[in-house]
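Colleague: I'd like a close look at one part of this model, the nonpolar packing. Please walk me through how it is put together.

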Amino acid sequence: MTQTLEGSRGAANQAGAHINANAYAEAQDFLPIKGMDHVEFWVGNARQAAAYYRALWGFTPVAYSGLETGVRDRTSYVMRQNDITIVLTAPLTPDGEIAEHVHRHGDGVHDIAFAVDDVASAWRETTTRGARSYLEPTELDGGDDGTLRRSAVHTYGEVVHSFIDRNEYVGVFAPGFRAVKKPAAAAKGMDLREIDHCVGNVALGQMDEFVAYYRDVFGFSQLIHYDDKVIHTEYSALMSKVMTNGNGRIKFPINEPATGKKKSQIQEFLDWYLESGTQHVALRTEDIVKTVRTLRANGVEFLGMPHEYYATLGDRVGDVGVPMETLEELGIEADRDEEGYLLQIFTRPVQDRPTFFFEIIERHGSRGFGVGNFKALFEAIEREQAKRGNL
Ligand code: FE2
């Protein structure tokens, strides 16, 4: 309860938060993943979504696919900032899986794609271990640009994991895309470097099923387990387990709702997304103050933290390189564990439904997820849920 908020220095060892120090070594190597390739969102209007990520978030449009490139059922914009690539895809017709996905879920994550060297092996190793195939190993001919190889399997809900091999492809993003020449200026003053982690929300009772899925099918191991003793407020609770691959580049927390007096934020997501899905993507920055200041100036909305949170924060986390007044002014949270500290902040949902949102995170040694902030954070979310009539 209150210890979760106060005793962050030892949070990792408190009852309810269990860290597996051998997680990376335990991960199996039958599926070597080099890192994240991209995250693809299926949205109602890709052109306007691209403008949002360009003008507010500082992403540069680098590639386009649609009617002008001979693609007649969808439009896609590829947006990039440093090592982060997001793809925004909208349907051009009322039929098909993209239109159905948007109709049912609103905007949301379709694909969390991995960079690999051998898409056939990745597909074979996962499907023989129980993954349902989404795309058999496929060679996409890019002419003079070479060949892009791709395969994909299903995970929780309607989310898929693509495996992508770019070793023999030199073109922009993928065959069927063209480079965006002279893109409109992206927002300046941003510092988003890479995708830190992607969080899945699954239905009550399914967390362990998908933990087992990432362990048995992908060879991941469990890094941390937070039970509902840690992640709860007076009203609601959730449970979370974090899965990681062998090189630690992929970190997937899996959440499920826990029963409480009122509705868990995870249940609110499930009620509006109508399915298990990706709850948030965390983007790592090396300058959270500059980045959040810019995002706020551009109109991105964040969860607010109460003054009381900052009144005790210094005692909990010590020096985090940023004055407490600056953290409070911008609504940035801090947490510390044995390995170091982190700074983080969460946006409000970035589409109309109270579903997907982003986290911005700056790490200084800590490999955790801000357990010391969970209680204060969830209380902030509950205030928003109450405004929406969803608590
Ligand atoms: Fe997170």
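Modeller: Let's say two residues are in contact when heavy atoms come within 4.5 Å. Take Phe114: beyond its neighbours within four places in sequence, Phe114 is in contact with Ile33, Gly35, Met36 and Asp37, with the run His161, Ser162, Phe163 and Ile164, and with Phe218, Phe220, Ile250 and Phe252. Bear in mind that this is a predicted model, with pLDDT of at least 70 needed for local features and 80 or more for side-chain atom pairs, while totals for chains, interfaces and linings use all residues. Residue numbers start from 1 along each chain as its sequence is written, and side-chain values use heavy atoms, without hydrogens or water.

Phe114 turns up again in the largest nonpolar core (buried Ala, Val, Leu, Ile, Met, Phe, Trp, Tyr and Cys joined through side-chain atoms within 4.5 Å). This core has 80 residues, and Trp57, Phe114 and Phe218 have the most contacts inside it. Helix α6, residues 207–216, gives the core its largest share, five residues. (Helices are DSSP runs of H or I, at least four residues, and strands are runs of E, at least two, numbered from the N terminus.) The core lies between domain 1 (3–28 + 190–388) and domain 2 (35–179), because both give residues to it; the bounds come from an automatic or database domain assignment. Apart from that core there's another, of 21 residues, with Ala23, Tyr226, Ile231 and Leu377 among them.

Now for His110, which sits in strand β6, residues 108–115. His110 is buried, at a relative accessible area of 5% (buried is under 20%, exposed over 50%, partly exposed in between, for a 1.4 Å probe and protein chains only). Not counting residues up to four places away in sequence, His110 touches Glu40, Phe41 and Trp42, plus Tyr134, and also Glu158, Val159 and Val160.

Strand β6 belongs to an open sheet of nine strands with mixed pairing, ordered β7-β8-β9-β6-β2-β5-β4-β3-β10; strands pair if DSSP finds at least two bridges between them. At the edges are β7 (133–141) and β10 (178–179), each pairing on one side only. Elsewhere in that order, β4 (residues 74–81) and β5 (residues 84–91) run antiparallel, joined by eight bridges, and Arg74 stands opposite Pro91 in β5.

How far to trust it? The predictor's per-residue confidence, pLDDT, runs from 0 to 100; the chain averages 91, and 96% of the residues score at least 70. Residues 1–15 are below 50, though that stretch has 36 contacts in the model beyond near neighbours in sequence.
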